[in-house]
Amino acid sequence: MTVAAPGAEPARDYDVLIAGAGLVGLALAPALVGLGLRVALADRMPVAMPALPDGDADWDPRVYAISPGSATFLRSVGGWQALPPERITAVESMRVAGDGGATIAFSAYDLGERALAWIVEERALRAALVPCARIAGVDTYAPRSFAALAWSADAGTLDFDDGTRVTARLVVAADGLHSWVRGAAGIEAAIKPYGQTAVVAHFGCERAHHGCARQWFLPDGGILAWLPLPGHRISIVWSAPAALAAELLALDASALAARVAAAGQHALGVLETLAPPAAFPLAFMRLPASIAHRLALVGDAAHGIHPLAGQGVNLGFGDAEALCAVLRERGPVTDAGAPALLERYARRRVEPVQAMQTVTDGLVRLFGASNPLLKALRNLGMSAVDRLPLAKRLLAQSALH
Ligand SMILES: Cc1cc2nc3c(=O)[nH]c(=O)nc-3n(C[C@H](O)[C@H](O)[C@H](O)COP(=O)(O)OP(=O)(O)OC[C@H]3O[C@@H](n4cnc5c(N)ncnc54)[C@H](O)[C@@H]3O)c2cc1C
């Protein structure tokens, strides 16, 4: 990986410029180099390998449920096998409880899978992916702020605020929900806040979790998820109405642990807060299109979803994989930003992205409604699906892959 210092003169003309080195941009970069493309990666933050602590103390508050499909993609770029096994947890089963007593359960064993998902820290994923980009020979422009983006018939040109200029046949916007690149390309995005804040924290638990992830749809419209971490530990995401989130964030460690244990019906006995909680406001975003002239959007720059299904970054890895597949199958086309290729990419992503957005947004709305009839119906529906192995399998398979 060439780190281009301000004022230096690196090769500045690329097949693909990926703007944003979050997990999606980081995984996409080496995958595209593997297709014989010249790739640049740019971010306002340094693209550096975070240090992982020795031993099993100190867990990153940001953890992700990575689907088996995403794990396969990450393996193809060399990232998955670089993760320290002692910091990954297999989700072997999952129990979801409605707000009226209904439950639905999934088991990896029943689906013939090793795991429904893998819980991995963001820090560990970055530490695994940064060397993949470096070894592949991706040119990195970071930390650099984006200043201007211009388009000609055959290229996109990005100016950084230090005066460096990079051109590419294809620009990939991987710069998150509030994407600067998307705005600079004139794509309007309505970002709709859910009025909920995700409170995330880690807890020690009295009883073993046995690799079971738990989720509760709560009577106030909030959603609480407990995800297994190695040993007697869990990570939680409590998507709470904003006022409740503020209350939770103000609690001291023992009061917070007691509140989370009670909301989860003491399923794992007594909890102990391991680190102060962090908070993330939640929003929905659907775009009319994931492409424009010489531009493809991936990850949160292309779609915003509620984290209740733990699918945001998985959807982003799916975008990256689809873009790679289209470019791999480009045949004699040498121009990575050719309109026909971009249209193929957009067509491939429309259905999976809309389906995931419809399901997650629909569930938030369904469980957020206080109408007693809806409450009875949603719980009935949940119990019914739990008794239909085929419907359950279909539901689980789309989340797995
Ligand atoms: C509480 C919570 C829990 C979640 N849990 C899960 C889960 O279990 N599983 C799952 O699949 N998903 C989960 N998600 C969703 C997941 O966090 C996102 O989908 C994912 O982080 C998006 O990655 P990304 O690379 O697209 O964007 P980002 O992570 O937002 O990265 C964008 C990058 O672009 C850079 N950037 C942005 N603007 C600029 C600019 N102007 N100039 C230069 N650089 C810029 C940033 O520095 C950053 O590096 C969760 C989300 C939340 C809030």
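This briefing walks through salt bridges, nonpolar cores, one loop residue and one helix. The model is a predicted one, so please read the distances below as values computed from that prediction. The count of salt bridges comes to 14, and the largest nonpolar core holds 57 residues.

**Salt bridges**

- R87 and E121 meet through their side chains in a salt bridge, with 2.7 Å from N to O. This pair links distant parts of the chain, 34 residues apart: R87 sits in the loop between helix 2 (68–76) and strand 5 (89–91), while E121 belongs to strand 8 (residues 117–121).
- Both R87 and E121 are buried.
- R87 and E121 are also members of a network, in which salt bridges that share partners join them with D58 and R123.
- E92 pairs with R114 in another salt bridge, where the closest N and O atoms are 3.1 Å apart. Because E92 lies in the loop between strand 5 and strand 6 (93–97) and R114 in the loop between strand 7 (103–107) and strand 8, the pair ties together parts that are 22 residues apart in sequence.
- What is the burial state of these two partners, E92 and R114? E92 has 35% relative accessibility and so counts as partly exposed, whereas R114, at 53%, counts as exposed.
- D319 and R349 form a salt bridge as well, their closest N and O atoms being 2.6 Å apart. Here the link runs between helix 7 (residues 312–328), which holds D319, and helix 8 (residues 339–368), which holds R349; the two residues are 30 residues apart.
- D319 counts as buried because its relative accessibility is 1%, and R349 is buried too, with a relative accessible area of 10%.

**Nonpolar cores**

- In soluble globular proteins, nonpolar side chains tend to be buried together.
- Within the largest core, of 57 residues, those with the most contacts inside it are I18, L32, I66, L74, V120, F317 and L327.
- L74 is a handy one to look at: setting aside residues up to four places away in sequence, L74 touches A27, I66, G79, W80, Q81, L125, L129 and F317.
- Another core, of 28 residues, lies apart from the largest one, and its members include L116, F284, L308 and A396.

**A loop residue, A189**

- A189 is found in the loop between helix 4 (180–184) and strand 13 (191–205). With a relative accessible area of 31%, A189 is partly exposed.
- Which residues does A189 contact, leaving aside its neighbours within four places in sequence? They are R182, M285 and L287.
- A189 and L287 are 98 residues apart along the chain, yet their C-alpha atoms are separated by 6.1 Å.

**Helix 9**

- Helix 9 (residues 372–386) has 15 residues, and the reach from its first C-alpha to its last is 21 Å, close to the 21 Å expected at 1.5 Å a residue.
- Its buried residues are R378, N379, M382 and S383. These cover an arc of only 130 degrees around the axis, so they fall on the same side of helix 9.
- An α-helix has 3.6 residues a turn, so residues three or four places apart point the same way.
- L373 and L380 are exposed on the other side of helix 9.
- Where does the cover for the buried residues of helix 9 come from? It includes strand 6, strand 7, strand 14 (212–217) and helix 8.

Technical notes
Residues numbered from 1 in each chain as written. Predicted model: local features only at pLDDT ≥ 70, side-chain atom pairs only at ≥ 80, totals over all residues. Heavy atoms only, no water. Salt bridge = Lys/Arg side-chain N within 4 Å of Asp/Glu carboxyl O. Helix = DSSP H or I, 4+ residues; strand = E, 2+ residues; numbered from the N terminus. Buried < 20%, exposed > 50% of the residue type's maximum accessible area, 1.4 Å probe, protein only. Core = buried A, V, L, I, M, F, W, Y, C linked by side-chain atoms within 4.5 Å. Contact = heavy atoms within 4.5 Å. Expected span 1.5 Å × (residues − 1). Arc of directions from axis to C-beta.
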